[in-house]
Amino acid sequence: MDLKLFLTVFAAIFIAELGDKTQLATLLFASGKEASKFTVFVAASLALILTSAIGVAAGGFLSQYISARHLHIIAGIGFIAIGMFTLLKA
């Protein structure tokens, strides 16, 4: 296992998810008095694992047809577009 890659991905995803809508939704589900904290944890964890698996599979598939440089550019443009959309809707 490439430790540098592991730590880079872990840190980037960890920071990106802090305060994210996903974390807030999980917090709300867990705040219910009747809610099993374990069930909420397992369900949220499995959902994040599945979405990550889809991302890895999509990245692996796309990298066969599009260079990594172009994927980075496309992702950057996507993030900028989402940011601008968010700013305009605020």
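Start by selecting Ile13, Glu17, Leu48, Thr51 and Ser52: of the 20 residues that line the largest pocket, these lie nearest its centre. Keep in mind as you click around that this is a predicted model. Now colour helix 1, helix 2 (21-31) and helix 3 (37-62), the elements that each give two or more residues to that lining. Which helix gives the largest share? It's helix 3, with ten residues. The space they surround has a volume of about 840 Å³. If your viewer can colour by residue class, try it here: you should find twelve nonpolar, seven polar and one charged residues in the lining of the largest pocket.

Next stop: some rings. A search of the whole structure turns up three aromatic pairs. For one of them, select Phe6 and Phe10, which are stacked, with 6.4 Å from centre to centre and 15° between the planes. Why do these two sit about one helical turn apart? Because they are four residues apart in helix 1 (residues 3-17). Now add Phe14 to your selection, and you have a cluster of Phe6, Phe10 and Phe14 linked by ring pairs. Switch on the surface and look at Phe6: is it buried, exposed or partly exposed? Its relative accessibility is 42%, so Phe6 counts as partly exposed, since that class runs between 20% and 50%.

Time to move on to the second largest pocket, which has a volume of about 350 Å³. Select its lining: Gly59, Leu62, Ser63, Ile66, Ser67, Ala68, Leu71, His72, Ile74, Ala75 and Phe79. Helix 3 and helix 4 (68-89) are the elements that give two or more residues here, and helix 4 has the largest share, with six. Colour by class again: the lining of the second largest pocket has seven nonpolar residues, four polar ones and no charged ones.

Finish by zooming in on one of these lining residues, Leu71, which you'll find in helix 4. What does Leu71 touch, leaving aside its neighbours within four places in sequence? Show Leu62, Ser63 and Ile66, and you have its contacts. With the surface on, Leu71 counts as partly exposed because its relative accessibility is 23%. For a last look back at the rings, draw a distance from the C-alpha of Leu71 to the C-alpha of Phe14: the two are 22 Å apart in space and 57 residues apart in sequence.

Technical notes
Residues are numbered from 1 along each chain as its sequence is written. This is a predicted model: local features need pLDDT of at least 70, side-chain atom pairs count only at pLDDT 80 or more; totals for chains, interfaces and linings use all residues. Side-chain values use heavy atoms; hydrogens and water are left out. Rings of Phe, Tyr and Trp (its six-membered ring) pair if their centres lie within 6.5 Å; planes under 30 degrees apart count as stacked, over 60 as edge-to-face and the rest as tilted. Buried means under 20% relative accessible area, exposed over 50%, partly exposed in between (1.4 Å probe, protein chains only). On a 1 Å grid over the protein atoms alone, a cavity is a set of points where a 1.4 Å probe fits but cannot get out, and a pocket is an open set with protein on both sides within 12 Å along at least five of seven lines; lining residues have an atom within 4 Å of a point. Grid points are joined across faces, edges and corners, and a volume is the space filled by probe spheres set on the points. Ala, Val, Leu, Ile, Met, Phe, Trp, Tyr, Cys and Pro count as nonpolar, Asp, Glu, Lys and Arg as charged, and the others, Gly among them, as polar. Contact means heavy atoms within 4.5 Å.
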